[in-house]
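Open the model in your viewer and keep the sequence panel beside it. Each stop below gives a selection and then says what is there.

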Amino acid sequence: VFLPHVVENGEKRFLSFPKDLKAIRDFVLLNEIRLLIIDPVPSVIDEKLDTYKDSSVRQALTPLAELAQTANVTVLGLLHVGKSDSPDFNNRVLGSRAFTAVPRSVLALMRDNDESGEVLLVGVNKSNLGSMNVPMKVFRLESATLEVENGSATVGRVQWLGEREGRIDQLQDHRISEEEAIEQDEQTTFLVNLLESNGGEI
């Protein structure tokens, strides 16, 4: 596991795309890296670029996508979503839609409707590499103790719970928030009372 950084004018700084693309490419090839994780993706985009503009995001991510192909490395980028009312995951991503348009494949993660709130679902939200009709994976996160050089450390571990039929993008389309459910109940109650007060039949 490597945590790469750039030394510039004698000082360390975080990676910045697209200007550090050559440096990261050389690093990937030299160490035969097969998985490059960026968490979160907007944190490595050049500060001069606007992460809410498609052209700026594409300027940073398109060369990274080309790197994945030419260097045979999987680039896994993490994105956060906002509290938007849109059922479309792509519209809830914080920033430009190019964040989900440039990648060949996009996975979406969401909580299941179980009582504990601990069960999570992950599924294909976009795929230019294969079928979208694959089951969602069901899992929960748990704590585990890992022995390290100077003792032990508590880390997170995935506990896989099986599969769930259906597509996660369709599940998002039909899932509403608790606030939306309350609002719908209030609207229904209002209409029922209005009909009853005017002699209407229910």
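**Stop 1: the first loop**

Select asparagine 9, placed in the loop between strand E1 (6-8) and E2. The model is predicted, so read each value here as computed from it. Check the backbone: asparagine 9 is not a glycine, yet its phi is positive, about 55°. Most residues other than glycine have a negative phi. Is asparagine 9 buried or exposed? It counts as exposed, because its relative accessibility is 78%.

**Stop 2: a second positive phi**

Jump to glutamate 32, in the loop between H1 and E3. Glutamate 32 also is not a glycine and has a positive phi of about 55°. Its relative accessibility is 61%, so it counts as exposed.

**Stop 3: two cis bonds**

Most peptide bonds are trans. Now show the backbone from phenylalanine 17 to proline 18: this peptide bond is cis, with omega near 15°. Proline 18 sits in the loop between strand E2 (11-13) and helix H1 (21-30).

Next, go to aspartate 39 and proline 40. The peptide bond between them is cis, with omega near -15°. Proline 40 belongs to the loop between strand E3 (35-38) and helix H2 (54-70).

**Stop 4: a charged network**

By the rule used, the model has six salt bridges. Side chains of opposite charge can pair when their charged atoms come close. Select glutamate 8 and arginine 13: their side chains form a salt bridge, 3.0 Å from N to O. Add aspartate 20, which forms a salt bridge with arginine 13, with the closest N and O atoms 2.8 Å apart. How exposed are the two acids? Glutamate 8 is partly exposed because its relative accessibility is 38%. Aspartate 20, at 5%, counts as buried.

**Stop 5: the E7–E8 hairpin**

Show E7 and E8 as cartoon. The two strands pair in the antiparallel sense over 13 bridges. A hairpin of two residues joins E7 to E8. For a register check, select arginine 140, which stands opposite glutamine 159 in E8.

Now select glutamate 142 and arginine 157. They form a salt bridge, the closest N and O atoms being 3.1 Å apart. Glutamate 142 is in strand E7 and arginine 157 in strand E8, so the pair ties together parts 15 residues apart in sequence. Glutamate 142 counts as partly exposed at 27% relative accessibility. Arginine 157 is partly exposed too, with a relative accessible area of 45%. Look back at stop 4 for a moment: salt bridges that share partners join Glu8, Arg13 and Asp20 into one network.

**Stop 6: rings across the hairpin**

How many aromatic pairs are there? The count comes to one. Select phenylalanine 139 and tryptophan 160: their ring centres are 5.4 Å apart and their planes lie at 55°, so the pair is tilted. The pair links distant parts of the chain, with phenylalanine 139 in strand E7 (residues 136-148) and tryptophan 160 in strand E8 (residues 151-164), 21 residues apart. Phenylalanine 139 counts as buried because its relative accessibility is 6%. Tryptophan 160, at 55%, counts as exposed.

**Stop 7: a buried acid**

Finish on aspartate 112, in the loop between strand E5 (105-111) and strand E6 (120-127). Its relative accessibility is 15%, so aspartate 112 counts as buried. Add arginine 164: a polar contact of 2.8 Å joins its side chain to that of aspartate 112.

Key: Residues are numbered from 1 along each chain as its sequence is written. This is a predicted model: local features need pLDDT of at least 70, side-chain atom pairs count only at pLDDT 80 or more; totals for chains, interfaces and linings use all residues. Side-chain values use heavy atoms; hydrogens and water are left out. Helices (H or I, at least four residues) and strands (E, at least two) are DSSP runs, numbered from the N terminus. Buried means under 20% relative accessible area, exposed over 50%, partly exposed in between (1.4 Å probe, protein chains only). A polar contact is a pair of N or O atoms within 3.5 Å; within protein, one must be able to donate a hydrogen and the other to accept it, and residues adjacent in sequence count only if both atoms are side-chain atoms. Rings of Phe, Tyr and Trp (its six-membered ring) pair if their centres lie within 6.5 Å; planes under 30 degrees apart count as stacked, over 60 as edge-to-face and the rest as tilted. Two strands pair if DSSP finds at least two bridges between them. A salt bridge is a side-chain nitrogen of Lys or Arg within 4 Å of a carboxyl oxygen of Asp or Glu.
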